[in-house]
Amino acid sequence: MPSLTRSEARERSALLQVTRMEVDLDLDQGEERFGSSTRITFSCNEPGASTFVDVKPAELRSMVLNGQSVDVTTLTDGRVALSGLAADNVLEVEAQMSYSRDGQGLHRAVDPADGEHYVYGHLFLDAGPRVFACFDQPDLKAPYAVTVAAPEAWTVLGNGAATKVAPGRWELAETKPLATYFVTVCAGPYASVLDEHDGIPLGIHARASLREALERGAPQMLEVTRASFDYYHQLFGIRYPFGEYHQVFVPEFNAGAMENPGCVTFRDVYVFRGAAARDEILTRSNTIAHEMAHMWFGDLVTMQWWDDLWLNESFAEYMSHRTLDAATEFGTEAWVDSTMARKAWGYAAERTPSTHPVAGSAALDAQSALQDFDGISYAKGAATLRQLIAHIGDDAFIAGVSAYLREHSFGNGTLADFMGFMERASGKDLGAWTQAWLLTAGVDVISLDRAAGAVDRTVPEAFPADRPHTFDVAGFSAGAETFRVPVTTSGDRTVVPELAAAPAADLVVPNAGDLTWATVTLDPDSIAAVPEQLALVPDPQARAVVWVSLIDGVCLGTVDPRVMVRTVGAAWPHEDNASILNRSAGSLLGRIIPTFLPHEEQGEAEQVVAAAAASVLAAAEPGSTRALVAARAVARTSADEELLRAWAAGERRPVGLEGDSDFGWIVVRNLASHGLAGRELIEATRERDDTLQGRLSALMAGASMPDTEAKAWAWGEITTNRERSNYELNALAQGFWSSGELDVLRPYAARYFSDVPAMSAWVGDDALARVAQLGFPSRVVEEATDDMARAALQRTDLTPAVRRGIVDARSELGEALRSRATFG
Ligand SMILES: [Zn+2]
């Protein structure tokens, strides 16, 4: 189906203003379809002109424009042409829509724990027409008046405050002007915790079967919610404009969360049903603060077109970490987490051929814009904003942001608008800065010449730009920080006299405070010192920078992956930062061991992690985050079958994990992937945990079994069973590639390139993008896999999501192949 192009959007917004949207949804028509009635009031600048409305129904029943019936059989590719427009128009559309299973449009899920049904709307990026007829583009905003019919036992939530006006009948308060992609309705027997802060009614909601976990987690979530509101009110000087503030944890959600004004949706694994590590609570808190930042930046002022997606995401990414630091118990841990979890993701995106400038990428149509929704738009964009603040000062930045938000309230903005406000607030010409940092792709390499006391910047050949960097360099010896020197680079070599005069240090870390965006190359002496010295470095932020530099170095082929294994063995047992513990082990176990090391070394390297984790588990305070992260790592890697069988049976488990189903599944998966657990154990475990999460875990464990039969079953479920939800596909794909001998796996490398692209016939691009990544044969690290990927990319029938998935996964495969060629 064609996707709206930028020129079509420009033409339509030049022609129309949408005055009001009235939408009535009937969610009481069974499990397959819902009724959708829309009344669009809009004006047209050129009476007599033509345009089109977007609608993607199961059945289009009627369409009436200004009292005249429109022929519904003219519906083509999700569009109906409207001709002979008047100055003032009313369009009425009656349709039957299909619920989705891929997380786009109005998604309907069944909770196996109690058989209850849940519905939520996710209209990002262009799924609005799957729910109601509309002019689906971000710069045609209108107030929405939404009414909903639903089964009597259901609760209905949406952008405006919901009122039950009759049994099974709900009215949502008319909203302020919203872009189509922000409209949502959540309906089902949701469990709720209600509160109020500073005059804003608050609600936190999740499936009824998660009520106990929701009530346990709600106080912490509400605390972050209140702190974030206070912080943004004080910072921007603009009150939250959208009435009530509901946070709904919904099943099978594709993204982390979505910033629908007044009704934010989150993936519901954030409602922790078992033990939660501190970094997991930090991540959830960060998501709460991120989505709330969008209420101003994204929702109140929206990008004009998808090419300025970064305006939303970079800003929210930066602001949420700032909020956690300034206004919550997490403090600077937020930035350490940003280094480990977010910037590592962005640097990975920067290494692929699909890298792009933060701003101003083409985004010729809506679907291709989705491809820029990555670590560049979030992590690099946020780092770039930190460099902007270092360049113009925080007061000017905040003054500029406030003025931008005020000036464009309930409207749209562009990169040029935003930078204009920054220039006026700072009195600086930011043209060259914008060109270098925002409009040019690529990442500079920062390294030190210790003897010369110089900082060297190497600019990527493919993307030359003169990016000034502001950061600090710190030295560490035997557990003490021996110096810290601020640096602002100018050109490719910056001589810093303080650096030459600094005392000797075993480990010298450029960008130690992680203020800039750069590939940090440690000097050879420092690399040699890392395994022994890293644990002694007192500053967790500097340790995180070293970890990410190692990961980057392994991927770029400058660091032997075995250095990473040795560092985990030596430094991990002494680490006390939750984000570093979790992410360093995750990166090693998830990618570096299974792809960079030769097959025959992988088992031994895993046992290095298992031993490090076992020593932490033995020493850590029972029930602490360190103990929890270590216990999970042991469960994932241990070869101690007796221990694993006891844990699987719920015996001898570490404190706090006694009844933890998710922990049990990690154990069962480990057994399954080594051929030590069959269908019976998986099935018995699922019977004890017959929940959405339990069923997904059972699928993943089943796909993790290494034998030929299990792999054939799993592959068939992924690529031919059209009933599988987005989450089920991900679980199966993840399990599939996590185990098995190469001889068993190899045939599926070829099948991936035919079977996965074909799934675009029934899986939406947002969901298929993840399948394309998770399903890629990344464990078959052979030239033949690369050849097949190259051939597949010659095809012209790949959807943008599948193409992007293959491009990125092939690039990662290339990193592993090159590393093996260098280091063996
Ligand atoms: Zn966001």
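This briefing walks you through two sheets and several helices of the structure above. The model is predicted. One sheet is built from eight strands, another from five, and helices pack on both. Further along the chain, helices α13 and α15 pair up, and helix α22 packs against five other helices.

**The eight-strand sheet**

- Follow the strands of this open sheet in the order β5-β4-β7-β2-β1-β10-β13-β12, and you will find that the pairing is mixed.
- The edges are held by β5 (68-69) and β12 (162-166); each has a single partner strand, so one side of each has no neighbour in the sheet.
- Strand β12 pairs with β13 (residues 169-172) in the antiparallel sense, over four bridges.
- To see this pairing residue by residue, look at Ala162, whose bridge partner in β13 is Leu172.
- Helix α1 (residues 6-15) packs on this sheet, where it touches β1 (16-26) and β2 (33-44).
- The direction of α1 makes about 100° with that of β1.

**The five-strand sheet**

- This sheet is open too, with mixed pairing and the strand order β15-β16-β17-β19-β18.
- Its edge strands, β15 (191-197) and β18 (257-258), each pair on one side only.
- Strands β16 (residues 200-206) and β17 (residues 245-250) run parallel and are joined by four bridges.
- Gly203 has His246 in β17 as its bridge partner.
- Lying across β15, β16 and β17 is helix α2 (residues 211-236), which runs at about 25° to β15.

**Two helices side by side**

- Two packed helices are described by the angle between their axes and the distance between the axes.
- For helix α13 (residues 540-556) and helix α15 (residues 578-596), the axes come within 11 Å and cross at roughly 10°.
- Angles under 35 degrees count as roughly parallel, which is why α13 is described as roughly parallel to α15.
- On the α13 side, the residues that meet α15 include Trp547, Ile551 and Val554; on the α15 side, Ile580, Ile592 and Phe596 are among them.
- Sorted by class, this contact has nine nonpolar, two polar and two charged residues.

**Helix α22 and its neighbours**

- Helix α22 (residues 708-720) has 13 residues and spans 18 Å from its first C-alpha to its last, close to the 18 Å expected at 1.5 Å a residue.
- Its buried residues are Ala710, Lys711, Ala714, Trp715, Glu717, Ile718 and Thr719.
- Those buried residues pack against α20 (679-688), α21 (692-704), α23 (726-736), α24 (742-758) and α25 (765-774).

Methods:
Residues are numbered from 1 along each chain as its sequence is written. This is a predicted model: local features need pLDDT of at least 70, side-chain atom pairs count only at pLDDT 80 or more; totals for chains, interfaces and linings use all residues. Side-chain values use heavy atoms; hydrogens and water are left out. Helices (H or I, at least four residues) and strands (E, at least two) are DSSP runs, numbered from the N terminus. The expected span of a helix is 1.5 Å times one less than its number of residues. Buried means under 20% relative accessible area, exposed over 50%, partly exposed in between (1.4 Å probe, protein chains only). Contact means heavy atoms within 4.5 Å. Two strands pair if DSSP finds at least two bridges between them. Axes are lines fitted to C-alpha atoms, for helices over the stretch in contact, and angles run from 0 to 180 degrees between N-to-C directions. Angles under 35 degrees count as roughly parallel, over 145 as roughly antiparallel, 65 to 115 as roughly perpendicular and the rest as oblique. Ala, Val, Leu, Ile, Met, Phe, Trp, Tyr, Cys and Pro count as nonpolar, Asp, Glu, Lys and Arg as charged, and the others, Gly among them, as polar.
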